[in-house]
Amino acid sequence: MPTLPSDDKTLFLICDNARAEQNGKTTLIGYFGSELVFLPAAQQFPAAFPAAFVFVFRDGEGTFPATVSIRQPNNTVITNPVPDIVKEPTKSCTAIIQVPMFIAPSFGDYEITISLAGKNYGRVLQVRPAP
């Protein structure tokens, strides 16, 4: 019987690029180290930068239909379907949302949400002016 992953055991990583390897590992390139992205204070918008949003589901099991949405600071929402997420009982499952050029229309909070079978796992990317 399918069991959805718990939100509190789900990791969220942000990097420039990520890829799934054949051996089950995930390669992260340009890991940001937090949910904060700093741009120059005088940044002209829209700004563009490569981004990969990585969700690591550490519990649960089953196959789940999935969608991803990004809510911008102005409440514009972009939603895209993604392939089903298959979570095996004894393994972590990594979902990589690759955005070759993430477009930020302004400084602010960007809510990145992956939905598995209707359950939302929302995280926030904070785009801030550099100190």
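Student: What makes up the surface that the protein chain exposes?

Tutor: In this predicted model, the protein chain exposes about 7,400 Å², and carbon and sulfur atoms supply 54% of that area.

Student: How much of the protein chain counts as buried, and what does the word require?

Tutor: A residue is called buried when its relative accessible area is under 20%. Of the 131 residues of the protein chain, 36% count as buried.

Student: Why does the radius of gyration of the protein chain agree with a compact globule?

Tutor: The globule rule is 2.2 Å times the number of residues to the power 0.38. For 131 residues this gives a value near 14 Å, and the protein chain has 15 Å, so the two agree. Along its principal axes, the C-alpha trace spans about 50 × 30 × 25 Å.

Student: Which elements does the protein chain have?

Tutor: It has ten strands and zero helices.

Student: Why are strand 4 and strand 7 called edge strands?

Tutor: Two strands pair if DSSP finds at least two bridges between them. Five strands form an open, mixed sheet in the order 4-10-9-6-7. Strand 4 (36–39) and strand 7 (77–87) each pair on one side only, so they are the edge strands. Neighbouring strands of this sheet are turned by 20 degrees against each other on average, direction ignored.

Student: How do you know that strand 6 pairs with strand 7?

Tutor: The criterion is at least two bridges. Nine bridges join strand 6 (residues 62–71) to strand 7, so the two strands pair, and they run antiparallel. In this pairing, G62 stands opposite K87 in strand 7.

Student: What share of contacts between residues at least 6 apart in sequence joins residues at least 24 apart?

Tutor: In the protein chain that share is 67%, where contact means heavy atoms within 4.5 Å.

Terms used. Residues numbered from 1 in each chain as written. Predicted model: local features only at pLDDT ≥ 70, side-chain atom pairs only at ≥ 80, totals over all residues. Heavy atoms only, no water. Helix = DSSP H or I, 4+ residues; strand = E, 2+ residues; numbered from the N terminus. Axes fitted to C-alpha atoms, helices over the stretch in contact; angles between N-to-C directions. Buried < 20%, exposed > 50% of the residue type's maximum accessible area, 1.4 Å probe, protein only. Areas by Shrake-Rupley, 256 points an atom, 1.4 Å probe, with all protein chains shown as cover.
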